[in-house]
Amino acid sequence: MASSSRTLALGKLAVPHTGATLLRSTQATPRLFLEASRRTVAPRPAFGSLQGPVSRQFRRGYADQVSPIEPAPKKRRFRTLRWAWRLGYLSALAGVAYIGYGVYQDRHPDPQVVPDPSKKTLVILGTGWGSVSLLKRLDTENYNVIVISPRNYFLFTPLLPSCTTGTIEHRSIMEPIRTILRAKKASVKFYEAEASSIDPDRKVVRIFDNSEVKGDMTETEVPYDMLVIGVGAENATFGIPGVREHSCFLKEIGDAQNIRKRIMDCVETAAFKDQSPEEIDRLMHMVVVGGGPTGVEFAGELQDFFEEDIKKLVPEISDRFRVTLIEALPNVLPSFSKQLIEYTESTFKEEKINIHTKTMVKKVTDKTVEAEATRPDGSKEKIVFPYGLLVWATGNAVRPVIKDLMDRIPAQKNSRRGLAVNEYLVVQGTRDIWAVGDCAVAGYAPTAQVASQEGNFLARLLNNMAKTEALESKVRELSSTLNLEPGNSAEISRQIEEYERQLRRIKDVKPFHYSHQGSLAYIGSEKAVADVTWFNGNVAAAGGLTYLFWRSAYLSMCFSTRNRLLVINDWIKSKAFGRDLSRE
Ligand SMILES: Cc1cc2nc3c(=O)[nH]c(=O)nc-3n(C[C@H](O)[C@H](O)[C@H](O)COP(=O)(O)OP(=O)(O)OC[C@H]3O[C@@H](n4cnc5c(N)ncnc54)[C@H](O)[C@@H]3O)c2cc1C
């Protein structure tokens with residue numbers, strides 16, 4: 001931890017230090033120049049007495065004497081600078097041209113082909129990490145693809161905590177599904193609807209329109225030949241009374257907007273005329289339940305928002321703002337390495353974020369969180385936290401549509417956390433149904449990394465299956481004509497052999513294997529922690545440079561160039577002008 005903060009401090013000093021060195025070096029040249037000239041030109045002439053050509057001649061002579069010693073490095077330095085500038089300029093131009101071309105391509109996609117109606121119908125449920133990764137790589141010419149989701153956009157969840165405080169605007173991390181589908185070669189149907197049940201025997205999905213505007217038709221069935229389920233998970237409340245009624249969750253865009261409104265409502269209500277000190281303390285107390293990456297990132301963002309903006313603009317309540325993080329386990333960020341956990345906890349202490357580990361929430365009311373803490377000696381202590389805002393970020397629970405499907409499949413009767421899948425992501429006990437992401441139990445953590453790798457794998461698998469079917473039908477067709485006409489058998493045999501060789505290669509699909517790239521989390525005060533996989537080992541890093549890495553990693557992972565530009569713009573905007581404190 002100490003070494004990381006030291007690295008950061010050196011990093012901060014680097015710029016003024018370099019500046020000072022440059023200044024010294026530019027001053028050093030004339031001093032050397034003078035010393036050299038003093039040594040070579042003696043005795044020193046009276047400059048003021050020299051006029052016209054004589055003076056020019058003298059000056060030339062004076063320069064000639066010293067020129068072999070000093071001006072050369074100066075010229076070389078400027079030449080290097082000039083080349084560096086040219087290189088930078090050209091790179092910037094190339095970057096702008098590249099981005100411009102990408103944007104043009106997105107705005108002017110090629111015309112789409114209409115898929116062959118005789119091909120199989122592939123239904124994809126959800127527009128999250130798993131489903132969209134699958135869609136991105138799927139060759140839609142091979143199937144009649146139908147996407148069904150109540151959300152007509154993809155959401156880049158890793159930056160969702162930044163939306164709760166206005167560091168990033170919510171539309172910057174949303175990508176319309178219609179744009180994604182328009183970029184496919186063959187057209188894809190999209191229904192904005194929620195799947196309420198899946199009948200694996202009849203091979204139909206029942207869907208209903210849960211949006212505000214409803215037409216005459218609000219509920220129907222969609223038949224499928226192949227089904228991919230990527231509906232994610234819902235928030236786990238563990239049946240604790242009052243959680244669903246009184247807390248804010250952090251999973252969807254609406255949740256982030258709700259939290260943002262609520263923070264400012266608490267601040268303005270606390271600043272209301274004649275508000276009692278106890279009520280101000282309650283309103284300005286923000287409680288976060290769940291010490292995983294989502295809870296930690298949100299607590300960090302909240303503290304930044306307060307320190308950088310609210311404190312300046314609403315100074316009368318500035319000493320009352322508190323953030324408390326409650327976690328049932330012995331430490332926060334349980335999936336990170338020990339030194340990063342310690343670094344996070346000590347950074348939170350510096351940021352004045354209270355951490356209560358080994359503390360279980362028992363009940364939530366509209367103004368308090370009642371919890372039970374385990375003391376070091378094992379005894380229990382009841383704690384009541386009055387709060388203005390309560391954010392619940394404790395993990396996932398199975399969605400009703402998944403529970404319903406699991407009840408219909410006998411092989412799933414012992415699965416508790418979602419649809420158990422095999423090594424090819426096929427839902428156990430079914431044929432032609434696959435599951436990806438948080439709704440599937442494949443033995444991995446419920447993360448975007450896992451969901452997107454599963455989506456990519458499935459796209460490869462489905463593309464291969466389509467190619468296999470096409471090749472097999474060609475082989476069948478050719479072998480039915482073999483030896484029927486004299487003279488064609490050699491050529492047909494050669495073709496059959498070639499197709500079978502291709503088939504062997506395509507059919508050789510390895511089972512799904514997850515490759516962990518690392519874990520990242522922002523912890524506030526422009527610091528982040530990272531456990532990154534490096535060759536066969538693991539590199540743990542923390543501090544300001546890791547924060548820059550965190551930013552660049554998430555920026556590169558954003559869905560589109562549009563998202564990337566919008567996120568950069570938001571970062572610059574919130575840094576330059578501060579976050580927007582308007583409540584709506
Ligand atoms: C705030 C936050 C930050 C996170 N940060 C990270 C991170 O930094 N790194 C990381 O790896 N992971 C992160 N995660 C976890 C990651 O977002 C999830 O693991 C990932 O979204 C799972 O992908 P998915 O496709 O299974 O589900 P989701 O992305 O949740 O998508 C589910 C989709 O299904 C749709 N749907 C829901 N119900 C139905 C239904 N009945 N019928 C049809 N469609 C339905 C939804 O509308 C949605 O489109 C974060 C999660 C959150 C909430």
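## A tour from a buried serine to the ligand shell

Start by selecting S247: this serine is buried, with a relative accessible area of 10%, so it falls under the 20% limit for that label. The model you have open is a predicted one. S247 sits in the loop that joins α7 (243–246) to β11 (248–249). Now show the backbone of V243 as well, and you will find its oxygen 2.4 Å from a polar atom of the S247 side chain.

**Second stop: another serine**

Next, pick S133, which belongs to helix α4. Is S133 buried or exposed? With a relative accessibility of 9%, S133 counts as buried. Add W129 to the selection and draw a distance: the backbone oxygen of W129 is 2.6 Å from a polar atom in the side chain of S133. Keep α4 on screen, since this helix (129–137) returns at the next stop as a supplier of at least two residues to the shell around the ligand.

**Third stop: the ligand**

Select the ligand and expand to its surroundings. You should pick up 31 residues, the closest being T127, G130, T157, D438 and Y554. Three polar pairs are worth a distance label:

- T127: a side-chain N or O atom is 2.9 Å from an oxygen atom of the ligand.
- D438: here a polar backbone atom lies 2.7 Å from a ligand oxygen.
- G230: a backbone N or O atom is 3.4 Å from an oxygen atom of the ligand.

If you switch on a surface, bear in mind that the ligand taken alone exposes 990 Å², and that the protein buries 90% of that area.

Now colour the shell by residue class. The shell around the ligand holds 14 nonpolar residues, twelve polar ones and five charged ones. Colouring by secondary structure instead, look for α4 (129–137), β2 (144–149), α5 (160–163), β6 (194–199) and α13 (448–481), each of which supplies at least two shell residues. Which element gives the most to the shell? That is α13, with three residues.

One more colouring helps here: by domain. Domain 3 takes in 121–233 and 398–449, while domain 4 takes in 243–396 and 516–577. Both give residues to the shell, so the ligand lies between them.

**Fourth stop: residues 83–104**

Select residues 83–104, which an unreviewed UniProt entry annotates as "transmembrane region". In the model this stretch is 100% helix and 0% strand, and its end C-alpha atoms are 31 Å apart.

**Fifth stop: two positive phi angles**

Most residues other than glycine have a negative phi. With that in mind, go to F238, where phi is positive, near 55 degrees. F238 is in the loop between β10 (234–235) and α7, and this residue is exposed, with a relative accessible area of 59%.

Then move to D432, which is not a glycine either but has a positive phi of about 65 degrees. You will find D432 in the loop from β20 (419–420) to β21 (433–435). At 23% relative accessibility, D432 counts as partly exposed.

**Last stop: F577**

Finish at F577, in helix α16 (residues 561–577). F577 counts as exposed, with 73% relative accessibility. Which partner should you select with F577? Choose D309: the two residues are 268 positions apart in sequence, while their C-alpha atoms are 9.6 Å apart in space.

Methods: Residues are numbered from 1 along each chain as its sequence is written. This is a predicted model: local features need pLDDT of at least 70, side-chain atom pairs count only at pLDDT 80 or more; totals for chains, interfaces and linings use all residues. Side-chain values use heavy atoms; hydrogens and water are left out. A residue is near a molecule or strand if one of its heavy atoms lies within 4 Å of it. A polar contact is a pair of N or O atoms within 3.5 Å; within protein, one must be able to donate a hydrogen and the other to accept it, and residues adjacent in sequence count only if both atoms are side-chain atoms. Accessible areas come from the Shrake-Rupley method with a 1.4 Å probe; for residues, only the protein chains shown count as cover. Helices (H or I, at least four residues) and strands (E, at least two) are DSSP runs, numbered from the N terminus. Ala, Val, Leu, Ile, Met, Phe, Trp, Tyr, Cys and Pro count as nonpolar, Asp, Glu, Lys and Arg as charged, and the others, Gly among them, as polar. Domain bounds come from an automatic or database domain assignment. UniProt positions are given in the numbering used here, feature names are shortened, and annotations may be inferred rather than shown by experiment. Buried means under 20% relative accessible area, exposed over 50%, partly exposed in between (1.4 Å probe, protein chains only).
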